Amino acid sequence: MEWASGSAAVRRHRVGGERRDGPAAAPQPGREALAPEPPADAGGGGGARTRKRSAGGDASRGAGTGLSEARAALGLALYLLALRALVQLSLQQLVLRGAAGRPGDFDARQARDYLEHITSIGPRTTGSPENEILTVHYLLEQIKLIEVQSSSLHRISVDVQRPTGSFSIDFLGGFTSYYDNITNVVVKLEPRDGAQHAVLANCHFDSVANSPGPENPWLVQAYVSAAKHPFASVVAQEVFQSGIIPSDTDFRIYRDFGNIPGIDLAFIENGYIYHTKYDTADRILTDSIQRAGDNILAVLKYLATSDVLPSSSKYRHGNMVFFDVLGLFVIAYPSRVGSIINYMVVTAAVLYLGKKWLRPRQKTGNYTKDFFCGLGITLVSWFTSLVTVLIIAVFVSLIGRSLSWYNHFYVSVCLYGTAATAKIILIHTLAKRFYYMNASDRYLGEVFFDISLFVHCVSLMALTSQGLCSAFISAVWVAFPLLTKFCTRKDFKQHGAQGKFIALYLSGMFVPYLYALYLIWAVFEMFTPILGRSGTEIPPDVVLASILAGCTMILSSYFINFIYLARSTKRTMLSLTLVCVVTFLLVCSGAFFPYSSHPASPKPKRVFLQHMTRTFHDLDGNVVKRDSGIWINGFDYTGMSHITPHIPEINESIRAHCEENAPLCGFPWYLPVHFLIRKNWYLPAPEVSPGNPAHFRLVSKEQTPWDSIKLTFEATGPSHMSFYIRTHEGSTLSQWSLGNGTPVTSKGGDYFVFYSHGLQASAWRFWIEVQVLEERPEGMVTVAIAAHHLSGEEKRSSQLDALKDKFPDWTFPSAWVCTYSLFVF
């Protein structure tokens, strides 16, 4: 017998003289003890059925009741795999060749010629002749050729700029940048009779050391309207703005200092080779260049001819919700419209759930109680799932097997994904067996569907109230399942979880699950390579395990009800546990090596080698310490554990020690990443004597009318230098001639200034003001300057070359010579 209402309560009935605190009466063979039939359906879903469990805890089931475990598990697995394959197909079309070019279209072959000519010059660090002379000369030659071939309707003018300036940003814990005589090439294309407004397209042609590779709502609407191959999401925008990813973009300067709106475009695939020797022109597909060029040219033409351009400020409507649909097209709308849509979806979900919660007790019985108990069970399953994968991740990290998945991503899925899934299934199986022992499968399937809907509804309200445009994802996870529920309710009520219901249910979940897998791909495409260069202090396995656990929670949300609809979950849990245990044992045994030098898909370990000479002066200017050595930094959590077998002299016995009284521990940091990389190694080596040594001197020291001490310095040296400041107790840094005049500290309290100059730059002169609250014998401030020789023969030493050659081919050692001088004033 079935309930007439799926929202009827679970009746924990008594059979004969059965009591909770006494022995149960034996049921008659072949019969189930049934609760009385409630009134007719008042709007619930599928029927609930109460039955007596046997002494062993299993319910007596009639023929045809309950889902087959094998079919359910296999069906859901195939469903997710099919969606993943569809996502992969959509990603493949992002790099397929477009239609044959027509005159005036973007020509990827010509663009590749430019790219290969520029990269053939070699590393082009700022201030090097390769960047400042050879590359600039090549660009000017090509611009001249374009000018000759251009239409008489337009005029091309070129301006080679060499600006000097300074700014402070909060990237990497905060630092100040000073650039001097840096070369920019500006090309202006305009009608012969001139133009009042302009669109700027910007990129950089310099490269990092040792790497040959280059690297407002109405604007969103322009991209939506014009881009031929759209690939964009507000999710990525909000992730970057949150600072979760330790990276920054070239567009930031225009946004923060010029208040110029714009669109930032970048390649995100294969971040493993970013800024390494493998980051070469041949790894950028011509088809990818074609698609990127098609988009940029189309958007530029659209903006340049748009009526909005002269009065763009009138079309600012706040933030925009925008996302592409499998790379086919982009959906975009103002965030205020998104908020309205989100709250409409919330209202529909609240009405659906509220109708069940607020129905009179004689009709709902204990539904509300079962709902909130089920919500607690779901949250407990998620929490224990997270704790389980974190325990595994911490253990793997402690035994030195971090990043086993870096070169084999499937390892992380087999280790952490299966553990998270198995724990969720286990908790719900226990709840079904021992708590909901008298509830029917259909009733529980109904309850746990509603719980998943409620969780996503709460997430939707929270994200919307925070003003996050990414809330549209939660809206998708509420709206489509709710529609699916209405479409499957009748069939589920009449026939239960049979083939038709499952087909309709999975079809209705197509959109949220497909888009979730699409975003999950993007998340791992960005985060996984970053975890290989995130420093020695962040255990990457803990981060990846947490992300995988979160993804498992999301993907399992509307599949939890299948645990209650299935007859059993034993084989599923056993299979998942077996995969997890086998993978765990293989990881612990070192079967999966993290790095690779395979030409088709290299995943190198990054190491910085700096052959340095350090000189420390006291308050009187006397040298109190001088040493030389090769300072070694590994950019991931494994440190030197994989290097030591190949280079025995690099081991724990040469760990570098922090100079507590020196800014940034007394080391020549190129960028302020000292808080991310606290484990480094120092191998003694002979002194270095670069041909263009750094010279640093105090020009003047004067008392200001406002009782501070003004120190003026002058420095000359290579194109890249870092300047560090630490104030002593009783002193504060009040002003300086850098940035906007207000000193900005780096993480840890010291001040970090990154200096770079082009060719023929004058001496770098700047001043700082120190407010002395209390005179102390050790002085008021310690400063240090590091000179980084990143190009030419000056960057090399015989010891550095010899050590670099010892590194295995699966590493990328970036090496240069530097000096570090410390002074006290």
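This briefing describes selected strands, a helix, salt bridges and a loop residue in one structure. The model is predicted. It holds 18 salt bridges, and one of its sheets is an open one of 9 strands. Strand β7 gets the most space below, followed by helix α12 and the loop residue R192.

**The open sheet**

- The 9 strands of this sheet stand in the order β2-β3-β14-β12-β16-β17-β7-β8-β9.
- The pairing in the sheet is mixed.
- At the edges are β2 (165-169) and β9 (680-684), each of which pairs on one side only.
- On average, neighbouring strands of this sheet are turned by 25° against each other, with direction ignored.
- Within the order, strand β12 (residues 720-727) pairs with strand β16 (residues 781-789) in the antiparallel sense.
- The pairing of β12 and β16 runs over 8 bridges, and the bridge partner of Y724 in β16 is A784.

**Strand β7 and its two partners**

- Strand β7 covers residues 605-617.
- Of the 13 residues of β7, 12 are buried, so the strand is largely enclosed by the rest of the structure.
- One partner of β7 is strand β17 (residues 811-824), which runs parallel to β7 and is joined to it by 12 bridges.
- A position in this pairing is T613, whose bridge partner in β17 is T819.
- Another partner is β8, which runs antiparallel to β7 and is joined to it by 11 bridges.
- In the pairing with β8, H617 stands opposite V623.
- β7 and β8 form a hairpin, with 5 residues between the two strands.
- The turn of this hairpin includes G621, which has a positive phi of about 90°.

**Salt bridges between strands**

- D627 and R614 form a salt bridge in which the closest N and O atoms are 2.8 Å apart.
- Because D627 lies in strand β8 (residues 623-634) and R614 in strand β7, this pair ties together parts that are 13 residues apart in sequence.
- Both ends of this bridge are under the 20% cut-off for buried residues: D627 has 16% relative accessibility, and R614 has a relative accessible area of 3%.
- E714 and R765 form another salt bridge, with the closest N and O atoms 2.9 Å apart.
- This pair links distant parts of the chain, with E714 in strand β11 (residues 709-716) and R765 in strand β15 (residues 764-772), 51 residues apart.
- E714 is buried, with a relative accessible area of 18%, whereas R765 is partly exposed, with a relative accessible area of 46%.

**Other salt bridges**

- E793 forms a salt bridge with R796, and the closest N and O atoms of this pair are 3.9 Å apart.
- E793 counts as exposed at 61% relative accessibility, while R796 counts as partly exposed at 45%.
- Salt bridges can also join into a network, as they do for K356, E446, D450 and K485.

**Helix α12**

- Helix α12 has 25 residues (residues 441-465).
- At 1.5 Å a residue, α12 should span 36 Å, and its end C-alpha atoms are 36 Å apart, so the expected span and the model agree.
- The helix is mostly covered, as 18 of its 25 residues are buried.
- After α12 comes G467, whose phi is positive, near 75°.

**R192 in a loop**

- R192 lies in the loop between β4 (184-191) and α4 (217-226).
- The residue R192 is partly exposed, with a relative accessible area of 47%.
- R192 and R155 are 37 residues apart in sequence, but their C-alpha atoms are 5.4 Å apart in space.
- Leaving aside neighbours within four places in sequence, R192 is in contact with S152, L153, H154 and R155.
- With H154 there is also a link through the backbone: the side chain of R192 reaches the backbone oxygen of H154 at 3.1 Å.

Terms used: Residues numbered from 1 in each chain as written. Predicted model: local features only at pLDDT ≥ 70, side-chain atom pairs only at ≥ 80, totals over all residues. Heavy atoms only, no water. Salt bridge = Lys/Arg side-chain N within 4 Å of Asp/Glu carboxyl O. Helix = DSSP H or I, 4+ residues; strand = E, 2+ residues; numbered from the N terminus. Buried < 20%, exposed > 50% of the residue type's maximum accessible area, 1.4 Å probe, protein only. Pairing = 2+ DSSP bridges. Expected span 1.5 Å × (residues − 1). Axes fitted to C-alpha atoms, helices over the stretch in contact; angles between N-to-C directions. Contact = heavy atoms within 4.5 Å. Polar contact = N/O pair within 3.5 Å; in protein donor to acceptor, adjacent residues only side chain to side chain.
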